[in-house]
Amino acid sequence: MTAQNPPADPPRTTPERTILMIVAAYAAAFVLFGLTLQSPAALLGGLADIVTTRDALLTDYFGVGGIGGGCVNAGLLTLAAALVYHWTGARLTGASVAALFLVLGFGLFGKNLVNVWAIVLGVYLYARFRREPFASHVNTAFFGAALAPVFSEILFSTSIPFALSVPLALATSLLIGFILAPAAAHLFKAHMGFSLYNMGFTAGIVGTLIVALYKSYGFVPDPVFIWTTGHNLLLGSFLTVVFASMLGVGYFLDRGALEGVRKIMRAPGQAPSDFIALAGFGPTLANMGLTGFVGMIYVLAIGGSLNGPVIGAILTIVGFSAYGKHPRNIAPIMLGVFMGSLLKPWGAADPSATLAALFGTTLAPIAGRFGWGWGLVAGFVHSSAAMSVGPLHAGLNLYNNGFAAGIVASVLVPVILAVRAGFGYDDGDLKA
């Protein structure tokens, strides 16, 4: 008889309530950190400035409301989102953890306590229209807040009377939320899950249409660029504690976390890839801590600045490390973007190049499925694409790199398959 390997042990189960509480604890840590940096009066003033500012790329909330104000905004917004997950009874999957950490990350630049909710309500209305539970669309609602700056741009524009800007901002954001779910489901087919930020691709296309429509009536958004520097020691110390705690809590939840992380690193990461279902929440949380360190070390190594947008990008890597990313498949993408900075007219530490390296890890499944070589190519190509697509949506799609990566994956993956087929490789069914 042929010897057979014993079946693998199933992943250790962590109650979804516990997962939500742990994510909420990290949000609360940002609130507490912010409270230590500014007085209550300064924090309230900073939050007021944040919710009344225009939020197009790049608007670093640390430069608008202070580091404390930015962290408190991000933490409170994520806690509010966590309450929505709790009230609706939505499942806490890898995608849910990614969505919540995106809220936390982009709460540092672009999403605030006011501008996200009309889009969330639009998704709720879509669910009601389809007679489906909102719980099954909560991830879409919070991923879809990529276009939250549209609300702020219209509401606080000086070229539109306030009496008109309020209903116009609400109506536009409700419409965006309503159409995002069906659009995202269709556009996923274009890149076959090789770009993890499918909503970024969708929001880029929807945002382009919205901006084109408003431009045709003479409303042209002004560019925004607020970028803070000089806080690497303070912010790096805080992030070190956050990521180290993820490693510790992950091991506490599952003493087999190390083997679980190895299992995660063998996965290609093509969406949908729920690492909580694959290996359990303990190993997933440890993987999140590892990728957080990878992102932060990269920024410090190139001489970049830790600020709202950069930490938001690192937290995006962390969140999607529950849903497709791990150190093995993000490293080639980051290296490919870095190589691009050596051969193109910008430096690796330039704001756009730094963000392209971090957010570009949405293309990690290409490296995971096809190897490091193609990962380098994907990162190299993405570094150019990310620099070019912003004007299409006027910076109103916070997931600009997701938009660019969706285009890159939609074109590059068929080319990869054709080349590999020419060399006799059989990739079979690429559905994850």
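A residue counts as partly exposed when its relative accessible area lies between the buried limit of under 20% and the exposed limit of over 50%. Arg130, with a relative accessible area of 42%, is therefore partly exposed. The structure is a predicted model, and a search of the whole of it finds six salt bridges. The points below cover salt bridges, helix packing, a nonpolar surface patch, one buried residue and several backbone features.

**Salt bridges**

- Arg130 is paired with Glu132 in a salt bridge whose closest N and O atoms are 3.5 Å apart.
- Glu132 is also partly exposed, because its relative accessibility is 29%.
- Glu259 takes part in a salt bridge with Arg262, where the closest N and O atoms are 3.1 Å apart.
- Helix α11 spans residues 257-265, and Glu259 and Arg262 are three residues apart in this helix, so about one helical turn separates them.
- Glu259 also meets Arg266 through their side chains, in a salt bridge with an N to O distance of 3.8 Å.
- Glu259, Arg262 and Arg266 are thus linked in a network of salt bridges.
- Within this network, Glu259 is partly exposed at 44% relative accessibility, and Arg262 is partly exposed at 43%.
- Arg266, by contrast, counts as exposed, because its relative accessibility is 56% and the exposed class begins over 50%.

**Packing of α13 and α16**

- Helix α13 (residues 281-301) packs with helix α16 (residues 351-359), their axes being 11 Å apart.
- The angle between α13 and α16 is about 155 degrees, which makes the two helices roughly antiparallel, since angles over 145 degrees fall in that class.
- The crossing in which α13 passes α16 is right-handed.

**Packing of α15 and α18, and the nonpolar patch**

- The axes of α15 and α18 come within 7 Å and cross at roughly 50 degrees.
- At that angle α15 is oblique to α18, because the value falls outside the ranges for roughly parallel (under 35 degrees), roughly perpendicular (65 to 115) and roughly antiparallel (over 145).
- α15 passes α18 in a right-handed crossing.
- A nonpolar surface patch of about 720 Å² is formed by Leu335, Met339, Leu342, Leu343, Trp372, Val377, Phe380 and Val381.
- Two or more residues of this patch come from each of α15 (327-343) and α18 (372-388).
- Phe380, one of the patch residues, is located in helix α18.
- Phe380 is partly exposed, its relative accessible area being 30%.

**A buried residue in α14**

- Ile317 has its place in helix α14, which covers residues 308-320.
- The relative accessible area of Ile317 is 0%, so the residue is buried, the limit for that class being under 20%.
- Ile317 and Gly105 are 212 residues apart along the chain, and their C-alpha atoms are separated by 9.6 Å.

**Backbone features in loops**

- Most residues other than glycine have a negative phi, and most peptide bonds are trans.
- The peptide bond that joins Leu57 and Leu58 is cis, with omega at about -5 degrees.
- Leu58 belongs to the loop between α2 (40-51) and α3 (61-88).
- A cis peptide bond also runs from Ala271 to Pro272, with omega near 0 degrees.
- Pro272 is placed in the loop between α11 and α12 (275-279).
- Met192 is a residue other than glycine with a positive phi, near 55 degrees.
- The loop between α8 (162-191) and α9 (198-215) holds Met192, which is partly exposed at 30% relative accessibility.
- Ala394 likewise has a positive phi, near 55 degrees, in a residue other than glycine.
- The location of Ala394 is the loop between α19 (390-393) and α20 (400-422).

Note on methods
Residues numbered from 1 in each chain as written. Predicted model: local features only at pLDDT ≥ 70, side-chain atom pairs only at ≥ 80, totals over all residues. Heavy atoms only, no water. Patch = residues over 30% accessible without salt bridge, like charges linked within 9 Å, V, L, I, M, F, W, Y side chains within 5 Å. Areas by Shrake-Rupley, 256 points an atom, 1.4 Å probe, with all protein chains shown as cover. Salt bridge = Lys/Arg side-chain N within 4 Å of Asp/Glu carboxyl O. Helix = DSSP H or I, 4+ residues; strand = E, 2+ residues; numbered from the N terminus. Buried < 20%, exposed > 50% of the residue type's maximum accessible area, 1.4 Å probe, protein only. Axes fitted to C-alpha atoms, helices over the stretch in contact; angles between N-to-C directions. Left-handed = near helix turned anticlockwise from the far one by under 90°.
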